Amino acid sequence: MHTADGARPQDALPELVTPQAGPVPRLLGLLSLGIGVAAVAVPDQMARAAGMDHLPQHGRVARAVGARELGHAAALLSGRRPAAWAWTRVLGDAMDLSLLGLALRTGREQRQRRAAMATGVVGAITALDIAAAVYLTRVAARGRMTRVRASITVNRTPTQVYRFWRDLANLPRFMGHLESIRVGGGGRSRWTVRAPGGRSVHWDAEIVEDRPSELLTWRSLPGTAVPNVGRVSFVPVPGNRGTEVRVELAYAPPGGAVGRAVARLFGEEPGQQVRDDLRRFKQVIETGEVVRSEGSPQGTGTRHLMMQHPAQPLAGARVG
């Protein structure tokens with residue numbers, strides 16, 4: 001058996017429809033642009049409107065705020081790393097609120113009223129910026145795909161292996177975290193899997209490439225909770241010595257980086273999980289059953305080691 005994990009070239013698998021940032025970065029960028037232009041063009045008036053015109057060098061402070069906002073505008077309108085730049089806006093808001101707090105404490109009554117009004121406006125902008133930054137961070141996390149490759153050689157012909165795999169109802173028999181697949185029409189199906197933490201995750205998928213005895217390619221439908229794409233290839237081994245089954249997966253796991261870390265802790269790291277599934281597949285396709293033993297093909301993860309028993313067939317794991 002041969003296994004390997006790593007990234008495939010960008011064109012190896014069909015493109016996924018992943019969440020997009022939409023108009024949020026542009027709206028934030030335009031807001032920064034408006035504030036920045038005003039603060040640089042008329043700094044004294046901006047300082048007076050904020051009740052800060054009594055502070056030392058208030059004009060220079062206003063220009064510095066304007067330059068900062070123009071920098072935010074350029075970065076956000078470029079569309080690059082919008083989540084990071086949204087958080088820098090939140091940091092800038094905190095600095096502005098600190099300046100306004102100073103104006104409230106040291107200004108006279110009329111200036112304090114202007115500073116209080118400005119504080120309310122900046123507070124509302126801060127709440128907007130935090131919400132936007134959280135949203136963009138989640139979008140960025142969903143866009144970072146986990147990629148896995150693994151392979152195994154089985155003593156069956158490519159046609160036999162393809163037919164077994166093409167019947168999607170067979171997959172839960174050897175995929176440890178797959179609860180069920182409900183097959184619909186037009187190559188579509190609904191998948192239910194067990195996720196880390198005891199949750200269940202559902203998504204709809206479609207077969208996008210089907211070459212009998214050669215390969216199957218599928219991907220999740222737009223709007224799914226777990227964007228994913230995969231391919232399984234059936235490569236004949238020279239000398240009629242069986243078939244090499246090659247699996248390639250790319251997906252955005254729920255929980256992002258934290259979810260992956262917890263999964264590794266409990267022996268459910270995606271690469272290991274796929275390798276374990278392929279070991280079980282080899283047993284099912286060659287012998288008609290999966291056997292648990294001290295050297296179980298279910299892997300060496302903590303959860304699996306706690307469930308080991310003397311060798312015995314798994315219920316319902318026979319090839320029909």
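**Exercise 1. Find which residues of helix α6 (residues 158–166) are buried, and work out how they sit around the axis.**

Solution. Keep in mind that this is a predicted model.

Step 1: go along α6 and pick out the buried positions. You should end up with Pro158, Val161, Tyr162, Phe164 and Trp165.

Step 2: look at how they spread around the helix. They cover an arc of only 165 degrees around the axis, so they lie on the same side of α6.

Step 3: see what sits over them. The cover includes the strands β1 (146–154), β4 (199–211), β5 (215–220), β6 (228–236) and β7 (243–251), along with helix α8 (270–287).

**Exercise 2. Take the ring pairs of Trp165 with Phe174 and Phe281, and classify each as stacked, tilted or edge-to-face.**

Solution.

Step 1: get the overall tally. The count of aromatic pairs comes to nine.

Step 2: start with Trp165 and Phe174. Their ring centres are 5.3 Å apart and the planes make 55 degrees, so this pair is tilted. Trp165 is buried at 3% relative accessibility, and Phe174 is buried too, with a relative accessible area of 1%.

Step 3: now Trp165 and Phe281. Here the centres are 5.1 Å apart and the planes stand at 70 degrees; edge-to-face needs over 60, so that is what this pair is. Trp165 belongs to helix α6 and Phe281 to helix α8, so the pair ties together parts that are 116 residues apart in sequence. Phe281 counts as buried, at 0% relative accessibility.

Step 4: put the rings into one picture. Tyr162, Phe164, Trp165, Phe174, Phe234 and Phe281 make up one aromatic cluster.

**Exercise 3. In the largest nonpolar core, find which residues touch the most other members, then list the neighbours of Val245.**

Solution.

Step 1: recall the background. In soluble globular proteins, nonpolar side chains tend to be buried together.

Step 2: find the hubs. The core has 32 residues, and those touching the most other members are Trp165, Leu171, Phe174, Val232, Val245 and Phe281. Helix α8 supplies the largest share of this core, with five residues.

Step 3: zoom in on Val245. Leaving out residues up to four places away in sequence, Val245 touches Ala150, Ser151, Ile152, Val154, Val161, Trp165, Val232, Ser233, Phe234 and Phe281. Trp165, Val232 and Phe281 from the hub list turn up here among its contacts.

Step 4: set this against the whole chain. Of the 320 residues, 42% count as buried. Among contacts between residues at least 6 apart in sequence, 59% join residues at least 24 apart.

**Exercise 4. Decide whether Asp276 is buried or exposed, and how far its C-alpha atom is from that of Gly176.**

Solution.

Step 1: place the residue. Asp276 is in helix α8.

Step 2: check the accessibility. The cut-off for buried is under 20%, and Asp276 has a relative accessible area of 2%, so call it buried.

Step 3: get the distance. Asp276 and Gly176 are 100 residues apart along the chain, and their C-alpha atoms are separated by 8.1 Å.

Step 4: try the routine again on His202, which is in strand β4. His202 is partly exposed, at 37% relative accessible area. From His202 to Val226 there are 24 residues in sequence and 7.9 Å in space, C-alpha to C-alpha.

**Exercise 5. Describe how helices α1 (residues 24–41) and α4 (residues 82–106) pack.**

Solution.

Step 1: choose the descriptors. Two packed helices are described by the angle between their axes and the distance between the axes.

Step 2: fill them in. The axes of α1 and α4 come within 11 Å and cross at roughly 35 degrees, and the crossing is left-handed.

Step 3: name the residues that meet. From α1 you have Pro25, Leu28, Leu31 and Ser32; from α4, Pro82, Ala86 and Arg89.

**Exercise 6. Work out where Arg81 and Ser213 lie, and what their phi values are.**

Solution.

Step 1: know the usual case. Most residues other than glycine have a negative phi.

Step 2: take Arg81. Its phi is positive, about 50 degrees, although Arg81 is not a glycine. Arg81 lies in the loop between α3 (58–78) and α4, and counts as exposed at 64% relative accessibility.

Step 3: take Ser213. Its phi is also positive, near 70 degrees. Ser213 sits in the loop between β4 and β5, and is partly exposed at 22% relative accessibility.

Technical notes. Residues numbered from 1 in each chain as written. Predicted model: local features only at pLDDT ≥ 70, side-chain atom pairs only at ≥ 80, totals over all residues. Heavy atoms only, no water. Buried < 20%, exposed > 50% of the residue type's maximum accessible area, 1.4 Å probe, protein only. Helix = DSSP H or I, 4+ residues; strand = E, 2+ residues; numbered from the N terminus. Arc of directions from axis to C-beta. Contact = heavy atoms within 4.5 Å. Phe/Tyr/Trp six-rings, centres within 6.5 Å; stacked < 30°, edge-to-face > 60°. Core = buried A, V, L, I, M, F, W, Y, C linked by side-chain atoms within 4.5 Å. Axes fitted to C-alpha atoms, helices over the stretch in contact; angles between N-to-C directions. Left-handed = near helix turned anticlockwise from the far one by under 90°.
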